[in-house]
Amino acid sequence: MKVSHVIVDTQWCRGDQNLVVVWSTSGTIEDEENKARPSCCSVLSDNPAPFKKVFSNEKYYVFQLHRSVKI
């Protein structure tokens, strides 16, 4: 499978209260090893490499994988 794009629902990045419940019950908040790390949304916002933001609206961000990256 070749990946060319990543689509992120902005609700996950904004901290929608209904989704926080889902995350907290799934155990991600209790992950001691990784809970101090920045969120994927923060990382993609600050430095999306090897991705490039190609589209955004109120609901979604779309990032395209740079063509030189081989998966």
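Tyr60 is partly exposed in this predicted model, its relative accessible area being 34%, and I would like to start from that residue and work outwards. In terms of secondary structure, Tyr60 belongs to strand β3, which covers residues 60-65. If we set aside residues up to four places away in sequence, the residues that Tyr60 touches are Ile7, Val8, Asp9, Thr10 and Phe55. There is also a distance to mention here, since Trp12 lies 48 residues from Tyr60 along the chain, while the C-alpha atoms of the two are separated by 9.9 Å.

Let me take two of those partners in turn, beginning with Asp9. This residue sits in strand β1, residues 5-9, and with a relative accessible area of 19% Asp9 counts as buried, because the cut-off for that label is under 20%. Not counting residues up to four places away in sequence, Asp9 touches Tyr60, as we have just heard, and also Lys59.

The other partner is Phe55, which is found in strand β2, running over residues 51-56. Is Phe55 buried, partly exposed or exposed? Its relative accessibility is 42%, so Phe55 is classed as partly exposed, the class that lies between 20% and 50%. Once neighbours within four places in sequence are left aside, Phe55 is in contact with Tyr60, and with Tyr61 and Val62 as well. Finally, Phe55 and Ile7 are 48 residues apart along the chain, and their C-alpha atoms are separated by 9.4 Å; Ile7, you will recall, is among the residues that Tyr60 touches.

Notes: Residues numbered from 1 in each chain as written. Predicted model: local features only at pLDDT ≥ 70, side-chain atom pairs only at ≥ 80, totals over all residues. Heavy atoms only, no water. Helix = DSSP H or I, 4+ residues; strand = E, 2+ residues; numbered from the N terminus. Buried < 20%, exposed > 50% of the residue type's maximum accessible area, 1.4 Å probe, protein only. Contact = heavy atoms within 4.5 Å.
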